[in-house]
Amino acid sequence: MIMTKVEIDEGSGFCFGVVTAIRKAEEELAKGGILYCLGDIVHNSREVERLKNMGLITIGHEEFERLHDVKVLLRAHGEPPETYEIARRNHIEIIDATCPVVLRLQKKIKQEYDNNGERQIVIYGKNGHAEVLGLVGQTCGKAIVIEKLDEAKTLDFSKSICLYSQTTKSLDEFKQIVQYIKEHIAPDVSFEYYDTICRQVANRIPNIRTFAAAHDLIFFVSGKKSSNGKMLFSECLKVNPNSHLIDNVAEIDSNLLHDVRSIGICGATSTPKWLMEEVQKAILDKLRDIGA
């Protein structure tokens with residue numbers, strides 16, 4: 001009989017920005033009263049559900065605009081300036097949990113936009129992502145968003161370019177975009193770029209590759225909406241094709257558990273440790289059932 005090892009990656013789980021946002025939500029909820037959150041506090045349905053059960057009410061921007069005299073938590077992703085303006089007008093008390101890394105990036109982009117109106121501000125990020133909306137908002141909607149290297153080819157290389165990155169994007173692709181722009185920018189204009197990728201995220205890539213390569217089977221636990229989850233899961237697949245993305249214990253395929261000596265459980269910066277532990281327990285129960 002094969003004795004299967006089931007290990008959780010110690011480097012996976014919430015980044016400090018998410019930890020702070022959830023701590024602030026829990027502290028406010030403990031005081032009693034109503035607390036709203038603008039958008040899902042984290043891209044993980046199970047954690048959102050846990051906080052909902054504690055009383056956190058998730059709302060969208062349309063509902064936010066109709067609220068008055070309430071408390072609203074802003075999640076780690078950050079918000080554009082207009083959100084703060086609406087809060088002032090409607091006497092909404094903001095509990096600001098914007099990640100400090102995102103906040104610094106917002107200020108940098110706003111400063112660039114205010115001081116150099118002629119330069120193209122380009123953001124390497126996911127169109128429509130909460131963080132990116134907050135960044136584009138610093139430029140009154142004028143920043144250009146590119147999602148991948150191919151889209152960099154559509155930029156106007158006869159004009160100066162200032163390039164930034166969403167904090168959770170791939171460092172490798174950012175470097176490729178920088179190289180491409182350097183090779184194509186006109187000689188009489190300027191190109192400046194800022195590596196604004198969070199190292200808490202970027203440093204997880206080599207770690208997660210090592211972890212995924214060390215196991216026969218990988219369960220990557222992440223919400224389907226998490227950009228960071230998609231990126232880190234793709235890194236797992238590169239080194240271990242027997243990697244599977246799951247949202248919860250119900251998605252564990254028992255057929256995968258046969259004849260494996262080691263199973264690794266890892267996740268995104270939006271994946272709570274308690275959920276990975278839940279997955280570990282469910283796998284161990286299934287292994288007992290099949291006599292592995």
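**Two helix crossings to visit**

Start by selecting R46, E47 and R50 in helix α2, then add W274, L275 and E278 in helix α12: these are the residues through which the two helices meet. Sorted by class, this contact of α2 with α12 holds 4 charged residues, 2 nonpolar ones and no polar ones. Bear in mind as you look around that this is a predicted model.

Now widen the selection to the whole helices, residues 45–53 for α2 and residues 273–290 for α12. Their axes come within 9 Å and cross at roughly 115 degrees. Angles from 65 to 115 degrees count as roughly perpendicular, so α2 is described as roughly perpendicular to α12. Turn the view until one helix lies over the other, and you can check the hand: the crossing of α2 and α12 is right-handed.

For the next stop, select helix α10, residues 204–213, together with helix α11, residues 227–239. Here the axes come within 8 Å, and the crossing angle is roughly 40 degrees. That angle makes α10 oblique to α11. Which hand does the crossing of α10 and α11 have? It is right-handed.

Show side chains next. On the α10 side, the contact is made by R204, I205, I208, R209, A212 and A213; on the α11 side, pick M231, L232, E235, C236 and V239. Colour this set by class and the contact of α10 with α11 divides into 8 nonpolar and 3 charged residues, with no polar ones.

To finish, put both stops on screen together: α2 with α12 is roughly perpendicular, while α10 with α11 is oblique.

Terms used
Residues are numbered from 1 along each chain as its sequence is written. This is a predicted model: local features need pLDDT of at least 70, side-chain atom pairs count only at pLDDT 80 or more; totals for chains, interfaces and linings use all residues. Side-chain values use heavy atoms; hydrogens and water are left out. Axes are lines fitted to C-alpha atoms, for helices over the stretch in contact, and angles run from 0 to 180 degrees between N-to-C directions. Helices (H or I, at least four residues) and strands (E, at least two) are DSSP runs, numbered from the N terminus. Angles under 35 degrees count as roughly parallel, over 145 as roughly antiparallel, 65 to 115 as roughly perpendicular and the rest as oblique. A crossing is left-handed if the near helix is turned anticlockwise from the far one by less than a right angle, and right-handed if clockwise. Contact means heavy atoms within 4.5 Å. Ala, Val, Leu, Ile, Met, Phe, Trp, Tyr, Cys and Pro count as nonpolar, Asp, Glu, Lys and Arg as charged, and the others, Gly among them, as polar.
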